[in-house]
Amino acid sequence: GQPAAGEAPEALAEEEAWEAEAAGTCHSKLPRRVAEDVKWFTWMEPDLEGRERKLATAAGTGVEREARISQAQGDAERIHMHFAGAYQKQILTRRTLQHVKRQAEVVGGATLIALRDGKWLSAARAEALERPSQLEDCLWEDFVVALRSAGVAIFFMARQSTKRKA
């Protein structure tokens, strides 16, 4: 690819080299060095409803509106920070991490449908994408189950939050 502005060709060559080496590794367990960042960016990703609610309730004016917008922006920044942190550990390739993020987005979409319809089962049955090559079948299956479970948890947390406000 083309070097990013200010990025030395040597740095890109190093990145491509470790990516090529890492792409050949298939993990049966998520290495601890990367697990925490992956956990957090995937936990936060399905909570689109929470970020959208913050933005929707920001329609007013003044300090409360600014606080809601700031919270939603902070959530997006934290997702990016954890994604970047996972990538910098040089264990999982950008392609694998983006695939994991897409799976979290699929669960997030199913969770929004579940909330709209009032039926948690949509989150539990979110589509499972094809396994990325760096993760063994069993690890990917467990990961998808964990994401679906997070979607169900978010569903019930959002419902409790709505009930408390009523």
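**Entry 1: a pair within helix 5**

I looked up Glu105 and Lys101 and found both in helix 5, four residues apart, which is about one turn of the helix. In this predicted model, Glu105 forms a salt bridge with Lys101, and I noted 3.0 Å between the closest N and O atoms. Glu105 counts as partly exposed at 35% relative accessibility, and Lys101 also counts as partly exposed, at 23%.

**Entry 2: the helix itself**

I then checked the length of helix 5, which covers residues 94-117. At 1.5 Å a residue, its 24 residues should span 34 Å, and because the end C-alpha atoms are 34 Å apart, I recorded that the expected and modelled values agree. I listed the buried positions of the helix, among them Thr96, Leu97, His99, Val100 and Gln103, and I added Ala104, Val107, Gly108, Ala110, Thr111 and Ala114, which are buried as well. Just after helix 5, I found Gly118 with a positive phi of about 70 degrees.

**Entry 3: other salt bridges**

How many salt bridges does a search of the whole structure find? My search returned six. Side chains of opposite charge can pair when their charged atoms come close.

I took up Lys89 and Asp37, whose side chains meet in a salt bridge at 2.7 Å, N to O. Lys89 lies in the loop between helix 4 (62-88) and helix 5, whereas Asp37 lies in helix 2, so the pair ties together parts that are 52 residues apart in sequence. For the accessibility of the two partners, I noted that Lys89 is partly exposed at 27%, while Asp37 has a relative accessible area of 12% and is therefore buried, the limit being under 20%.

I also looked at Arg131, which forms a salt bridge with Asp137, with the closest N and O atoms 2.7 Å apart. Arg131 is partly exposed, with a relative accessible area of 33%, and Asp137 is partly exposed at 47%.

**Entry 4: the loop between helix 1 and helix 2**

I turned to the loop between helix 1 (9-23) and helix 2 (32-44), where His27 is found. Is His27 buried or exposed? I found that His27 is buried, with a relative accessible area of 14%. Leaving aside neighbours within four places in sequence, I listed its contacts as Ile91, Leu92, Gln134, Leu135, Glu136 and Leu139.

Thr25 lies in the loop between helix 1 and helix 2 too, and I noted that Thr25 counts as partly exposed, at 34% relative accessibility. Not counting residues up to four places away in sequence, Thr25 touches Ser133 and Gln134, and Gln134 is also among the contacts of His27. I looked up one C-alpha distance here: Thr25 and Glu136 are 111 residues apart along the chain, yet their C-alpha atoms are separated by 9.8 Å.

**Entry 5: enclosed space**

Rolling a probe the size of a water molecule over the atoms shows where empty space is left. I counted one cavity of 30 Å³ or more, and I recorded a volume of about 40 Å³ for the largest cavity. Which residues line the largest cavity? I listed Leu30, Val38, Leu92, Val100, Leu135, Leu139 and Phe143. I sorted this lining by residue class and obtained seven nonpolar, no polar and no charged. Going back over my earlier entries, I saw that Leu92, Leu135 and Leu139 of the lining are also among the contacts of His27, and that Val100 of the lining is one of the buried residues of helix 5.

Methods
Residues numbered from 1 in each chain as written. Predicted model: local features only at pLDDT ≥ 70, side-chain atom pairs only at ≥ 80, totals over all residues. Heavy atoms only, no water. Helix = DSSP H or I, 4+ residues; strand = E, 2+ residues; numbered from the N terminus. Expected span 1.5 Å × (residues − 1). Buried < 20%, exposed > 50% of the residue type's maximum accessible area, 1.4 Å probe, protein only. Contact = heavy atoms within 4.5 Å. 1 Å grid on protein atoms, 1.4 Å probe; cavity = no way out; pocket = protein on both sides within 12 Å on 5 of 7 lines; lining within 4 Å. Points joined across faces, edges and corners; volume = space filled by probe spheres on them. Nonpolar A, V, L, I, M, F, W, Y, C, P; charged D, E, K, R; others polar. Salt bridge = Lys/Arg side-chain N within 4 Å of Asp/Glu carboxyl O.
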